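Colleague: Got a minute to walk me through this one? I'd like to go through the helices, a strand pair and the chain contact.

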Amino acid sequence: MNSAVEINQVVKAYGDRVAVDHVTLAVPTGSVYGFLGPNGAGKTSTIRMMMRILFPDEGTIRILGEDLHAANLDRVGYLPEERGLYKKMRLGDQLLFFGELHGLTRAQAKQRAGMWLDRMGLLDRVMRPVEDLSKGMQQKVQFIATILHEPELLILDEPFSGLDPVNANILKEIILEYHRRGHTIIFSTHQMDTVEKLCDHICLINQGRVVLEGTLASVKQRYGKNGVNLRFEGDGSHLKTLPGVASFQDHGNELFLRLHEGVDPSVILDAARGRVSLTRFELAEPSVYDIFIEQVSGDNR
Amino acid sequence: MKALTVIRREYFTNVRRRSFIISTILVPVLMSLFFGMPVMLAMFEPQQQFRLAVVDETGRIGDGFIAALTDTLKDGRQKYLATLAPSQGAHYSAARDSCVALLQGKGLNMVIAIPAGVLDGEKASYITRQDRNFNVMDRFEDALSDAVLKERLAAEGLDYARVRQLTTNVELEMNQLTKAGGVEKRSFISEYGLVFFFVMVLYSAILQWGMTIARSITEEKQSRIIEVLLSTLTSRDLMLGKLIGVGLAGMTQLLIWAVVGLAITSSALPAIAATAGAIHVSPVVFLFFAIFFVLGFMLYAAMFMVVGAVSSTDQDVQQMQTVVMLPMLVPLMSLMLFMQNPNGGVAVGMSLIPVFTPLVMQARIALLMPPTWQIALGIALMLITIYFAVTFAARVFRVGILMHGKRPSLREMVHWYRMAR
C-alpha cells in the first residue's frame, strides 16, 4: 500500500524547545487517519510542515508521492485549526478567490462554489460579506473553501469544533463521501468518539514523539483487549487497586479497568459484589479515549 | 501565476472600499471648490443695483466720487445709482439726517456722508440699513480716496494724472534660464504653490497606500488566513501580489484625479478653468510624478510590509508606522529650504538619498528641471534600495507572518532574515 504522506525522522525546534522530535509516520492512501495528541504535542507543527508553512530542521517529508519541496499542494486541502476568512469580502468572491488560488479556473470555481453553497443551504448569502454570517456558517464556508478544488488529501484540524450536531453531521457525511471515493483524510482532533467512529488508522503523538501508530484495530490489539467497564453506586475505589488491574480510567459515572493479560474478569465482579451496587458490568476493549488518557498521562507523569 | 489571483483580490478589495470611492470623488470636488471659489463667488454675485445718496459738506469731493463709480452689472445696467444731496455748509447735518431718514423706505440703500474735515484726514461715513457688503464698501473707499487725493493735489497746484504716473511702483518679473540658454518667464506664487501641491499629493498617496499594505497583512495575520494562503502559494507570490494589487489601486485613484483635473481645466467649468489654466504644468512633470509614485510606493510599501508582518494588532501597526513615516517628513519639512535653491547642495544631496528621492526630486523637477544625470542617479539608487528592501521584507515577512504576540526587536528581525530561505 502506498502512502499519501510519509514523514521520516522529522525534527523541528523553536529555539531550545523541540516541538517535533524524530517523528516518523506514514498515512496510507485512502485512509481516514486520526492524528491525536494533547495540546502542544507537536500536531500543528507537523501539519504545518506538511503544508510547507514551516520547514523541518531535519528529516524528509513526502506528499502524494513527491518530495515536499516539489509536491503540488493544490492537490491538498487544508483546514487549519484557527479559522480565518476575509471579513469584509463577499461569500461568493471569497470562495472564488480560494478556488482560483488552488488552481481552479474562475468558471470551475463558480460552478462548484454554487453547488456546495446550495448543499450547505448558504446560496442566498452568496453576496453577503462574511462578517454578516454566524460562526457556524463561517465554519461551513471555510470547509467549502478547503474542498472546492477536490483535493486528493484532506487535512482537517478540529473540523467539528463550534458546529452544532446537525451541521457536524453534514460535514461528516461529506468527509465519508470523500473517503468512499478513495481520497485520504487526516484528522487532527480531540474528539475521541469521532476518531473511534471515523478513523481506520490512528497516530498518537505526545511531547513531539510518536507514541502509537497503526490501524485502529492493531493499536487496540497491541494495547491489550482485556478490560472491564463498570457502572455502580457506592464507593468502589478499592477496585482500582485489585491485583489483576493494570490501569484504570475513572470517568465519574463509569470506571474502566484494564486487566493484565490472562486475568479473569470475574475476579473484579467478585470484588465488587457486596461492596457496591452494580448497574452495569461489561467486558470491553479499551476505547481510543482510554488509550489516549493512559498514554498521555503516563508519559507526562 | 497565483500572484495574479492575489493582485486581483487586492485591487478589487481596495477599489470597492467605501473610503476609496468617497475620497476619489471628494478630493477633486474639494480641489475645484478651493481653486474655483473666488471665481464662483464672483459669478454668483447678485445682480443688484444700489441706490445711494451722497451728502458732501466740502462741496468739492462728491462729484468726483460719483463720477468714479462707473461700475456696470452683467446686463449693462449701472451698478451704482448715486444722487448728490444739496448740502452746503450748515445744512450738512440736516441734509445727512434727512437722507438717513430716507433709508427707512425701500428707495435708498445707502448714504455716504463726506464731512468737510475729510481733506484733513477725518473719516467719511457709510450708513446703511442692513446691506453690509464689504466689496461695495471697499469700492467706495477707493473711489473716495481717489477723489480726496485729487482735491488735495489740486490744492497744492499739482496735476493728479502726472503724480499718479510719477509714483508708479516697480515690479520684478521672474525669469529663468532654460536649458536651451533662452529666458523663460515664470510666475512665482502659482509655481511654488504647484510644487507644494505635487509634493503633498505624492506624500499622502505613498503613505496611504503603504499603510493599506500593512493593514492588509495584519488582517490576514489576525484572521489566520495567512496559513491557508501560505499552504497554496509562496510568500514571494503573496508579497508581489499585494505590492502590485495595492499599487494599481493607488494608480487608479491618481489617474482618475488626473483625468478629472484635466477635464475641468480644459473645458467643463470655464470659470475654474480660467484660474487653473493660468497654472501651466508640463506633461513631463506628470510623467515623473507617476514614476516617483511607483518607486516611492515600492520602497515604502516594503517597509510597511515589515511593519505589517511583525505586528499582531492594529495598535502595533499604528505605533510602528510612525517610524516608517519619519523619513517622509524630513523632505516635507525642509521643502522651503530647497525650494529657494532647487539646484543647491542641500537639494541635490537630499534628492539622491533614496528615502527622500521621490519627494525631493519631484519638487526639483517641478521647479527647475535638474540635470539628467542626477535624475538617472536618483532613480538608479532607488531601484537598488528597493531591491534590498523588498528582499529583506520578503524574508522578515515569511517568518513574521506566522508569529503572534510580542513584537520582535530589530535584532530578532535580523535573525529571521537569516533563517528564512
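What follows is a short back-and-forth on a predicted model.

Colleague: Let's start with helix packing. How do α2(A) and α3(A) lie relative to each other?

Modeller: The axes of helix α2 (residues 91-101) and helix α3 (residues 106-119) of chain A come within 9 Å and cross at roughly 130°. Angles over 145 degrees would count as roughly antiparallel, and 65 to 115 as roughly perpendicular. The crossing angle falls in neither range, so α2(A) and α3(A) are oblique.

Colleague: And what is the make-up of that contact of α2(A) with α3(A)?

Modeller: From α2(A) come A:Gly92, A:Leu95, A:Leu96, A:Gly99 and A:Glu100, which meet A:Arg106, A:Ala109, A:Lys110, A:Arg112 and A:Ala113 of α3(A). Sorted by type, the residues there are four nonpolar, two polar and four charged.

Colleague: How do α2(A) and α4(A) lie relative to each other?

Modeller: Helix α4 covers residues 135-147 of chain A, and its axis is 9 Å from that of α2(A), at an angle of about 30°. The cut-off for roughly parallel is under 35 degrees. So α2(A) and α4(A) come out as roughly parallel.

Colleague: What is the make-up of the contact of α2(A) with α4(A)?

Modeller: Here A:Leu91, A:Gln94, A:Leu95 and A:Phe98 of α2(A) meet A:Val141, A:Ile144 and A:Ala145 of α4(A). That splits into six nonpolar, one polar and no charged.

Colleague: Which helix gives the most to the side of chain A that touches chain B?

Modeller: Across the two chains, 18 residues of chain A are in contact with 14 residues of chain B. On the chain A side, 10 are nonpolar, two polar and six charged. The top contributor, with three residues, is α2(A).

Colleague: Over to helix α1. How many of its residues are buried?

Modeller: Helix α1 spans residues 43-50 of chain A and is mostly covered. The buried set includes A:Lys43 and A:Arg48 as well as A:Ile47, A:Met49 and A:Met50. The count is eight of eight.

Colleague: Which residue of β7(A) stands opposite A:Gly77?

Modeller: A:Gly77 belongs to strand β6 (residues 76-79) of chain A, where A:Gly77 and A:Leu79 point one way and A:Val76 and A:Tyr78 the other, all buried. Strand β6 runs parallel to strand β7 (residues 153-157) of chain A, and four bridges join them. Opposite A:Gly77 in β7(A) stands A:Leu154.

Notes. Residues numbered from 1 in each chain as written. Chains lettered and ligands numbered in written order. Predicted model: local features only at pLDDT ≥ 70, side-chain atom pairs only at ≥ 80, totals over all residues. Buried ≥ 20, exposed ≤ 12 C-beta atoms within 10 Å, placed from the backbone. Helix = DSSP H or I, 4+ residues; strand = E, 2+ residues; numbered from the N terminus. Pairing = 2+ DSSP bridges. Contact = placed C-beta atoms within 7 Å. Nonpolar A, V, L, I, M, F, W, Y, C, P; charged D, E, K, R; others polar. Axes fitted to C-alpha atoms, helices over the stretch in contact; angles between N-to-C directions.
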